[in-house]
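Subject: Structure for you to look at

Hi,

Here is the structure I promised to pass on. Please open it alongside this message, and I will walk you through what turned up.

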Amino acid sequence: MSQAPESRPSPPPVYHERQRLELCAVHALNNVLQEQLFSQEAADEICKRLAPDSRLNPHRSLLGTGNYDVNVIMAALQGLGLAAVWWDRRRPLSQLALPQVLGLILNLPSPVSLGLLSLPLRRRHWVALRQVDGIYYNLDSKLRAPEALGDENGVRAFLAAALAQGLCEVLLVVTKEVEEAGCWLHTS
């Protein structure tokens, strides 16, 4: 008599938005927060608040397709009582207190292509990293699905590789309390 295979608990659902237009900042925010809290309209409203008297808003694409800058991300997080702390790339990643960090948002160079033709241009792309049930995920909106990075060592290795390529910026998404206490950083 054969026994039924043991049922394994299914992995937790990981919220992951896919790339649309130039909305990677909106996708990175929603992916790091693990729910759809922001839209293109909400990001455009933040842009208007940041530059109310500007005819050509410096915080987004002139074409109205997104391409939001870091100020929009920081204002969006502040509106939720969160903060974005810029990681100083000169610090060793061992000083990053990951348990105190809600998630990470990276700004990476991204190749530009027209169909199969790769152009010699680089644009900037926002990518979210987040821990869900003990596993860190790369929630890049250009990926078909979340990519498991593993534990703290896995996310540190991913960050080290991204930082080694240069032109990578890292924002730590933390609560206001963590930001004020500075406990996102191990100083010993």
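Below is what I found, starting with the chain as a whole and then moving to particular sites.

**The chain overall**

Please keep in mind that this is a predicted model. The chain has 188 residues, and 44% of them count as buried. Its accessible surface is about 11000 Å², with 53% of that belonging to carbon and sulfur atoms. Five helices and six strands make up its secondary structure elements. Read from the N terminus, their order is α-α-α-β-β-β-β-β-α-β-α. Among contacts in the chain with a separation of 6 or more, 59% are between residues 24 or more positions apart.

**The annotated site**

The UniProt record, an unreviewed entry, places the feature "active site" at C24, H125 and D140. These three span 117 residues in sequence, yet no two of their C-alpha atoms are more than 9.0 Å apart, so they gather at one spot.

Taking them in turn, C24 belongs to helix α1, which covers residues 24–33. C24 has a relative accessible area of 5%, under the 20% cut-off, and is therefore buried. Setting aside residues up to four places away in sequence, C24 touches Q19, R124, H125, W126 and S141.

H125 sits in strand β3, residues 117–132. Its relative accessibility is also given as 5%, so H125 counts as buried. Beyond its neighbours within four places in sequence, H125 is in contact with Q19, C24, L106, N107, L108, S110, D140, S141 and K142. That list takes in both of the other annotated positions, C24 and D140. With D140 there is a polar contact as well: the two side chains are joined at 2.7 Å.

**Cysteines**

How many disulfides does the structure hold? The count is zero. As for C183, a relative accessibility of 30% makes this cysteine partly exposed.

**The nonpolar cores**

As general background, nonpolar side chains tend to be buried together in soluble globular proteins. In this model the largest nonpolar core has 29 residues, and I73, L77, I105 and W126 touch the most other members. Elements giving two or more residues to this core are α1, α2 (40–50), α3, β1 (82–86), β3 and β6 (169–175). The largest share, seven residues, comes from α1. Apart from this core lies another, of 25 residues, and V101, A162, C168 and V174 are among them.

I105 is a good residue to display if you want to see the larger core from within. Leaving out residues up to four places away in sequence, I105 touches A28, L29, V32, I73, W126, V127, E169, V170, L171 and V173.

Helix α3, residues 70–79, has V70, V72, I73, A75, A76 and L77 buried. The helix is followed by G81, whose phi is positive, near 80°.

**Strand β6 and the loop after β1**

V173 is found in strand β6. With a relative accessibility of 0%, V173 counts as buried. Its contacts, again without the neighbours within four places in sequence, are V32, L77, L82, A83, V101, L102, G103 and I105. V173 and L129 are 44 residues apart in sequence, and their C-alpha atoms are 9.9 Å apart in space.

R89 lies in the loop between β1 and β2 (103–114). Is R89 buried or partly exposed? At 37% relative accessibility, R89 counts as partly exposed. Its contacts outside the four-place window are L163, G166, L167, C168 and E169. One of these, C168, is among the members of the 25-residue core. The C-alpha atoms of R89 and V170 are separated by 8.0 Å, with their positions 81 residues apart along the chain.

**Where to look**

If you have time for two views, I would pick these. One is the annotated trio of C24, H125 and D140, including the 2.7 Å polar contact that joins the side chains of H125 and D140. The other is the 29-residue core around I73, L77, I105 and W126.

Enjoy exploring it, and write back whenever you like.

Best wishes

Notes
Residues numbered from 1 in each chain as written. Predicted model: local features only at pLDDT ≥ 70, side-chain atom pairs only at ≥ 80, totals over all residues. Heavy atoms only, no water. Buried < 20%, exposed > 50% of the residue type's maximum accessible area, 1.4 Å probe, protein only. Helix = DSSP H or I, 4+ residues; strand = E, 2+ residues; numbered from the N terminus. UniProt positions renumbered as here; feature names shortened; annotations may be inferred. Contact = heavy atoms within 4.5 Å. Disulfide = S-S within 2.5 Å. Areas by Shrake-Rupley, 256 points an atom, 1.4 Å probe, with all protein chains shown as cover. Polar contact = N/O pair within 3.5 Å; in protein donor to acceptor, adjacent residues only side chain to side chain. Core = buried A, V, L, I, M, F, W, Y, C linked by side-chain atoms within 4.5 Å.
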